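Please follow this walk through a chain, which begins with its aromatic rings and then turns to its sheets, the helices that pack on them, and a few individual residues.

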Amino acid sequence: MARPRILIVGAGFAGLSAARRLSRIARGRAEVVLLNPTDYFLYLPLLPEVATGVLEPRRISIPLAAALPGVRVLLGHAGAFDLNARTVQWADPEGNRGILGYHRLVLALGSVNKLLPVPGLTEYAHGFRGVAEALYLRDHLTRQIELAEQAQDPAERRARCTFLVAGAGYTGTEVAAQGALFTAALVAHRPKVRDLPRWLIVDTADRVLPQLDPRLSHTAAEVLRMRGVRVLTGTGVERAGPAGVRLTNGEQVPTRTLVWCVGVRPEPMVAGLGLATREGRLLVDEFLNVPGRPDVFACGDAAAVPDVLHPGSLTGMTAQHAVRQGRLVAGNVAASYGHGRRRPYRHRDLGFAVDLGGWKAAANPLGVPLGGVAGKAVTRGYHLLSMPGNRTRVITDWLLDATLSRQPVQLGLVRGSAVPLASDLNR
């Protein structure tokens, strides 16, 4: 290769951040190549607003070509890795295959839905990790309200108006909070079902948002209850079926909707690399380098990055860590060529933000707990600063949502069969 080639696999928060910084550092002295199945970066934190009609899907889909000038973007899936030969097999969306050589490899493979051995889960639940799933959920919620209105059986009507979210972390809490507002708007002009929508959120933890300060958990739980969302802690899903869900507390919930937001697990591809792992994540040192492989780096959800501030533990699988690790790995890759010096991954918690829809949010910037309008302002400001593009379009949609009613129609673009939960429980 005339120039050293740095190959980045994955364009999530970590991969995008690594590619952006490496391109700026390299300035043409190295070829930076990004391999990703889609031609966009998805800003996942705003996905619930796509599912509830606040934002159009393209608002949170940032084109990689525009976001990464100077980076060669390859559209395709990674296949087999030959770490000794420094090659990666890959295939484009039409099945054409190729082999790509590299001088340095950055694995930013990300994560997928976390699955549990629950009978019926993969058949009757849907995850929430991409645009297709968000669009499907928006259509599904609208369809259930419409079918409930025309149903003759009162039991069927109640079941179609019952919505169950499993997992009370960031995503699940936002889906339940914003979903309750969405269905309330859907039934506003439907007298037969106006009082029927019922949302439940379950989690085996002892509170919603268990990873946050208890004060923020309390704020979020109060907003959920105020909107009529039933919160069941210490409870999980025991079985899922076509007519309902059985919970671990023995309760049977008649419903046609189970949204699976229990968490994430590392991309299963990690297991096939033949490298050391911990908790399913690729083992790296504090410099994000794979031990024994000076040319291989990893960052983001699929990397087991040691938390130097809490010896013995790993950093969390969050966007905040992924962005910082992506930037750091870019500097450490450059250092491997003699440009600068490598640095260990250290972090300071900047706080978190949870958008609860309407004028409600829970945030703790720099450890200061905020709720209500103040929390909402901080949350939206944080998202605008974090997005690599489309800010004006997002603000425009927010303004339109604040002044106009949403359009409750089914687009029919995504069928349930197109967004199944993965069935690879044993991978």
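In this predicted model, the count of aromatic pairs comes to four when ring centres are required to lie within 6.5 Å of each other. F13 and F41 form one such pair, with 5.0 Å from centre to centre and 90 degrees between the planes, and because planes over 60 degrees apart count as edge-to-face, the pair is assigned to that class. The two rings come from distant parts of the chain, 28 residues apart, since F13 belongs to helix α1 (residues 13–26) whereas F41 belongs to strand β3 (residues 40–42). Both F13 and F41 are buried, and together with Y43 they form one aromatic cluster.

Two further rings have an arginine placed over the face. R342 lies over the face of F287, at 3.8 Å from the ring centre, and R380 lies over the face of W398, at 4.1 Å from the ring centre.

Helix α1, which carries F13, also leads to a sheet, for α1 lies across β1 and β2 (31–36) and runs at about 165 degrees to β1. The sheet in question is open and has five strands in the order β5-β2-β1-β9-β21, with parallel pairing. At its edges stand β5 (72–75) and β21 (296–298), and because each has a single partner strand, one side of each is left without a neighbour in the sheet. Direction ignored, neighbouring strands of this sheet are turned by 20 degrees against each other on average. Within the sheet, strand β1 (residues 5–9) pairs in the parallel sense with strand β9 (residues 104–107) over four bridges, and L7 stands opposite L105 in β9.

A second open sheet is built from three strands in the order β23-β24-β25, and here the pairing is antiparallel. The edge strands of this sheet are β23 (353–355) and β25 (370–371), each of which pairs on one side only. Between β23 and strand β24 (residues 361–363) the antiparallel pairing extends over three bridges, and the bridge partner of V354 in β24 is A362. Helix α8 packs on this sheet, where α8 touches β24 and β25, and the direction of α8 makes about 175 degrees with that of β24.

Helix α8 (residues 214–226) contains S217, which invites a closer look at a single side chain. Is S217 buried or exposed? With a relative accessible area of 3%, S217 falls under the 20% cut-off and is therefore buried. A polar atom of the S217 side chain lies 2.8 Å from the backbone oxygen of L209. When residues up to four places away in sequence are not counted, S217 touches R207, V208, L209, P210 and L212.

One of these contacts, P210, lies in the loop between β12 (198–203) and α8. P210 has a relative accessible area of 33%, and because this value is between the 20% and 50% limits, P210 is partly exposed. Again leaving aside residues up to four places away in sequence, P210 touches A168, A205 and S217. The loop residue also comes together with a remote stretch of the chain, as the C-alpha atoms of P210 and G169 are separated by 7.0 Å while the two residues are 41 residues apart along the chain.

Note on methods. Residues are numbered from 1 along each chain as its sequence is written. This is a predicted model: local features need pLDDT of at least 70, side-chain atom pairs count only at pLDDT 80 or more; totals for chains, interfaces and linings use all residues. Side-chain values use heavy atoms; hydrogens and water are left out. Rings of Phe, Tyr and Trp (its six-membered ring) pair if their centres lie within 6.5 Å; planes under 30 degrees apart count as stacked, over 60 as edge-to-face and the rest as tilted. Helices (H or I, at least four residues) and strands (E, at least two) are DSSP runs, numbered from the N terminus. Buried means under 20% relative accessible area, exposed over 50%, partly exposed in between (1.4 Å probe, protein chains only). A charge sits over a ring if NZ of Lys or CZ of Arg is within 6 Å of the ring centre and within 35 degrees of the ring normal. A polar contact is a pair of N or O atoms within 3.5 Å; within protein, one must be able to donate a hydrogen and the other to accept it, and residues adjacent in sequence count only if both atoms are side-chain atoms. Contact means heavy atoms within 4.5 Å. Two strands pair if DSSP finds at least two bridges between them. Axes are lines fitted to C-alpha atoms, for helices over the stretch in contact, and angles run from 0 to 180 degrees between N-to-C directions.
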